[in-house]
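Let's walk through this structure together, from the whole chain down to single side chains. Keep the sequence and the 3D view at hand as you read.

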Amino acid sequence: MSRSISDLIEEFIMSSLDEDEFIELSRNDLAKFFSCVPSQINYVLNTRFTVNRGFVVESQRGGSGYIKVLRVQDSDNNFLKNALVLCDEPISILQANQILSHLCERKLLSERECELIKSTISAKALNNPINMDNKLRANILRQVIIELMKLEDRK
């Protein structure tokens, strides 16, 4: 049975990750390498490299855009550290929601807390010029993660 292009892209990214915690790739270079459209790369990232499968994906579009695939570590503390690194850059609502969902799954946040935080970082709540939302969202989420790390250290 032949493998699909999605399978090949996933296999390539997984082998590139190997034992590293994260890798940075160019979406356009990957698309050229696999002779596919960049949206095919997006599809693989969105369906196969999810928080539920142990990954967080950071993406920067544009001419010098990149994709950062971050492997979520097993321990809660490592996950918090990795999430904190992601908050150094602007974060989309999708990325923020993936991180929050994973915090909820790990019982670091209750479902109620998760939903409350999601509402505070939504585009509607931020009511900011569109180009500022992602940076402000990252700053808010960064502070939440710092507080969670402090609580984890006290355990």
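A residue counts as buried when its relative accessible area is under 20%, judged with a 1.4 Å probe. By that yardstick, 43% of the 155 residues in the chain of this predicted model are buried. The chain exposes about 9000 Å², and carbon and sulfur atoms supply 51% of that area.

Now for the fold. You will find eight helices and three strands, and from the N terminus on they follow the order α-β-α-α-β-β-α-α-α-α-α. Among contacts with a separation of 6 or more, 58% link residues 24 or more positions apart.

Next, have a look at strand S1, residues 22-25. Its covered face carries Ile23 and Leu25, while Phe22 and Glu24 sit on the uncovered one. S1 runs antiparallel to strand S3 (residues 66-71), and four bridges join the two. To find one place where they meet, start from Glu24: its bridge partner in S3 is Lys68.

From the strands, move on to helix H5, which spans residues 93-105 and includes His102. Is His102 buried or exposed? Its relative accessible area is 8%, so His102 is buried. The His102 side chain also makes a polar contact with the side chain of Arg106, at 2.8 Å.

Finally, turn to helix H6, residues 111-120, where Cys114, Ile117 and Lys118 are buried. Why do these three lie on the same side of H6? They cover an arc of only 105° around the axis, which puts them on that same side. The general rule is a friendly one to remember: an α-helix has 3.6 residues a turn, so residues three or four places apart point the same way.

How values were computed:
Residues numbered from 1 in each chain as written. Predicted model: local features only at pLDDT ≥ 70, side-chain atom pairs only at ≥ 80, totals over all residues. Heavy atoms only, no water. Buried < 20%, exposed > 50% of the residue type's maximum accessible area, 1.4 Å probe, protein only. Pairing = 2+ DSSP bridges. Arc of directions from axis to C-beta. Polar contact = N/O pair within 3.5 Å; in protein donor to acceptor, adjacent residues only side chain to side chain. Contact = heavy atoms within 4.5 Å. Areas by Shrake-Rupley, 256 points an atom, 1.4 Å probe, with all protein chains shown as cover.
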